[in-house]
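I wanted to look up the charged pairs here and to note how open to solvent their partners are. My entries follow the display.

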Amino acid sequence: MTNPRVAKLADQIKMITAEMLERRIKDPRLGFVTVTDVRLTGDSREATVFYTVLSEEAQGDTAAALESAKGLIRSTIGKKLGLRFAPSIAFIPDATPEAAAAIDDLLARAQAGDAELARQRENAQYAGEADPYKKDDDEQE
């Protein structure tokens, strides 16, 4: 369970980072970036910022732009939050879109399999007789 203060700091770091990427960082390599999450260690010394980029082609350029802007973002976070020690920042591409696409693919394959089973079931007949239970000959008379 995380400390409420750490969770609040992580949320504030997310907002400050997103605002800086939108307004202050003017790197032409920077693509359309969305900050998805920030995870902060318990001692608030290290922040991991997860981000997504709209186009796959701009992924490498965006990573380089974020790496070069890391110092400016870190100093701004320290100033705006009034922290004694500004947390070191690591930018990590978020894997959520790829995981969601993989789950969608698995669900589509399962739905196709269910449709195939339903199609096979339409014309299916019992393998044996309609009443599979054994009966004595005496009972039939």
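**Notebook: charged pairs**

I began with Arg109, which at 56% relative accessibility counts as exposed; I keep in mind throughout that this is a predicted model. Its side chain meets that of Asp105 in a salt bridge, at 3.9 Å from N to O, and I noted that this value lies inside the cut-off because a salt bridge requires the nitrogen to be within 4 Å of a carboxyl oxygen. Asp105 is partly exposed, with a relative accessible area of 42%. I then looked up where the two residues sit, and found them four residues apart in helix α4 (residues 96-122), so that about one helical turn separates them.

Staying in helix α4, I turned to Glu116 and Arg119, which are three residues apart and likewise separated by about one helical turn. Glu116 forms a salt bridge with Arg119, and their closest N and O atoms are 2.5 Å apart. I recorded Glu116 as partly exposed at 32% relative accessibility, and Arg119 as partly exposed too, with a relative accessible area of 47%.

My next entry concerns Arg39 and Asp37, whose side chains meet in a salt bridge at 3.4 Å, N to O. Arg39 counts as exposed at 52% relative accessibility, since the term applies over 50%, whereas Asp37, with a relative accessible area of 28%, is partly exposed.

Finally, I asked how many salt bridges the structure holds. The count is six, and the pairs entered above are among them.

Technical notes
Residues numbered from 1 in each chain as written. Predicted model: local features only at pLDDT ≥ 70, side-chain atom pairs only at ≥ 80, totals over all residues. Heavy atoms only, no water. Buried < 20%, exposed > 50% of the residue type's maximum accessible area, 1.4 Å probe, protein only.
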